[in-house]
Every structure is written in C-alpha cells, then in structure tokens.
Amino acid sequence: MGNYGESLEYLMEALKTGRQVNDTTAIVESLLAIGFVYAFVEKWADAHSYQQEALEIYRQADDQWGIAHIHNDMGVTYNLAGELDSALAQHQAALAIRLKPNDTYNTFSSYLYIGDIYADKEDFVKAVEYYESAIPYGN
C-alpha cells in the first residue's frame, strides 16, 4: 500500500517483541522485512545492514537453510539497487548451500535468480544455461 513509515513502525515493534521473548525466527524475519522496506524506498545501506544482522544470527546458529534464504534476499536487494555483480554473488552463495541437501524448490529458484541476472547483463548463453539447470528442480 506504500505506507512504508507505518510498516517500519510495526516491524520495529515485532523486532522488539522477538528480542524480548528471544525468538530467533521472529527476530530474523523482522530484520529481513525491515530490510525490504528500506530497499523499497531505496535506502540500500539500511537494507543491507538489517539483512547482514539477520545473516549473522543464522551464521551463529549454523542454520544453512536460513543462511541460503538470506543470501537470496540480499541478492534481490542488490538486484533492485542495480548492483548485478553483488546480486549474482549472493545468489551463487545461496545456490552452493542449497545443492548440498538437495533442496529442490529453493534450488530451482536460485537457478532462476541467477539466470535472470545473466539475462539482465545480456549474457544470454549463461542465462539459458542456468534456466536449463533449473528444470530438473522444477518438479
């Protein structure tokens, strides 16, 4: 709805509550949502700061699924900022993690994100390679 200020107020309250009850999932999801609100208003440094804080929480917990999830979110933010090389690096980091446990749904999306970035960079051969690599995971 475009009410970014109001959204931030609610998300900051959610973050505060998550911290009070020590709910890691609530904390991380609040941080990521705050990061996206900042991305939507093109405050890239703030967006990256909240995403980085969320990433550190999952790194400390050694939550590989969560780490990959955050790398994808960071990749989306870098892509929105027009920083395609940084976006690509984040999505490749997510893909590398997702290939280990064979997380098919999320592996599929990682391949698509990477293909989209190569398409944006007009490297259509690489884009098609990544799109084709996604196919086995699309079921």
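**Close-up views of a seven-helix protein**

**View 1. Gln90 and its contacts.** Leaving aside its neighbours within four places in sequence, Gln90 touches four residues: His71, Met74, Gly75 and Tyr78. This is a predicted model, and the same goes for each view below. Where does Gln90 lie? Look for helix H5, which covers residues 84-99. Is Gln90 buried or exposed? Its relative accessible area is 14%; buried means under 20%, so Gln90 counts as buried.

**View 2. The whole protein.** Let's step back for a moment. The protein has seven helices and zero strands, so from the N terminus on, its elements read α-α-α-α-α-α-α. Along the principal axes, the C-alpha atoms fill a box of roughly 45 × 30 × 25 Å. For 139 residues, a compact globule would have a radius of gyration near 14 Å, and the 16 Å of this protein agrees with that. Of the 139 residues, 40% count as buried. Among contacts between residues at least 6 apart in sequence, 46% join residues at least 24 apart.

**View 3. Helices H2 and H3 side by side.** Now find helix H2 (residues 24-40) and helix H3 (residues 44-61). They pack at an angle of about 160°, and their axes are 7 Å apart. Angles over 145 degrees count as roughly antiparallel, which is therefore how H2 and H3 are described. The crossing of H2 past H3 is left-handed. Which residues make the contact? From H2 come Thr24, Ile27, Val28, Leu31, Leu32, Ile34, Gly35, Phe36, Tyr38 and Ala39. From H3 come Trp44, Asp46, Ala47, Tyr50, Gln51, Glu53, Ala54, Ile57 and Tyr58. Sorted by class, this contact holds 14 nonpolar, three polar and two charged residues.

**View 4. Glu42 in a loop.** Between H2 and H3 there is a loop, and Glu42 lies in it. Glu42 is not a glycine, yet it has a positive phi of about 60°. Is Glu42 buried or exposed? Its relative accessibility is 58%, so it counts as exposed.

**View 5. Glu122 in another loop.** Glu122 sits in the loop between helix H6 (104-120) and helix H7 (124-134). What is the phi of Glu122? It is near 65°, a positive value in a residue other than glycine. With a relative accessibility of 62%, Glu122 counts as exposed.

Technical notes
Residues are numbered from 1 along each chain as its sequence is written. This is a predicted model: local features need pLDDT of at least 70, side-chain atom pairs count only at pLDDT 80 or more; totals for chains, interfaces and linings use all residues. Side-chain values use heavy atoms; hydrogens and water are left out. Axes are lines fitted to C-alpha atoms, for helices over the stretch in contact, and angles run from 0 to 180 degrees between N-to-C directions. Helices (H or I, at least four residues) and strands (E, at least two) are DSSP runs, numbered from the N terminus. Angles under 35 degrees count as roughly parallel, over 145 as roughly antiparallel, 65 to 115 as roughly perpendicular and the rest as oblique. A crossing is left-handed if the near helix is turned anticlockwise from the far one by less than a right angle, and right-handed if clockwise. Contact means heavy atoms within 4.5 Å. Ala, Val, Leu, Ile, Met, Phe, Trp, Tyr, Cys and Pro count as nonpolar, Asp, Glu, Lys and Arg as charged, and the others, Gly among them, as polar. Buried means under 20% relative accessible area, exposed over 50%, partly exposed in between (1.4 Å probe, protein chains only). The radius of gyration is taken over C-alpha atoms; the globule rule is 2.2 Å times the number of residues to the power 0.38.
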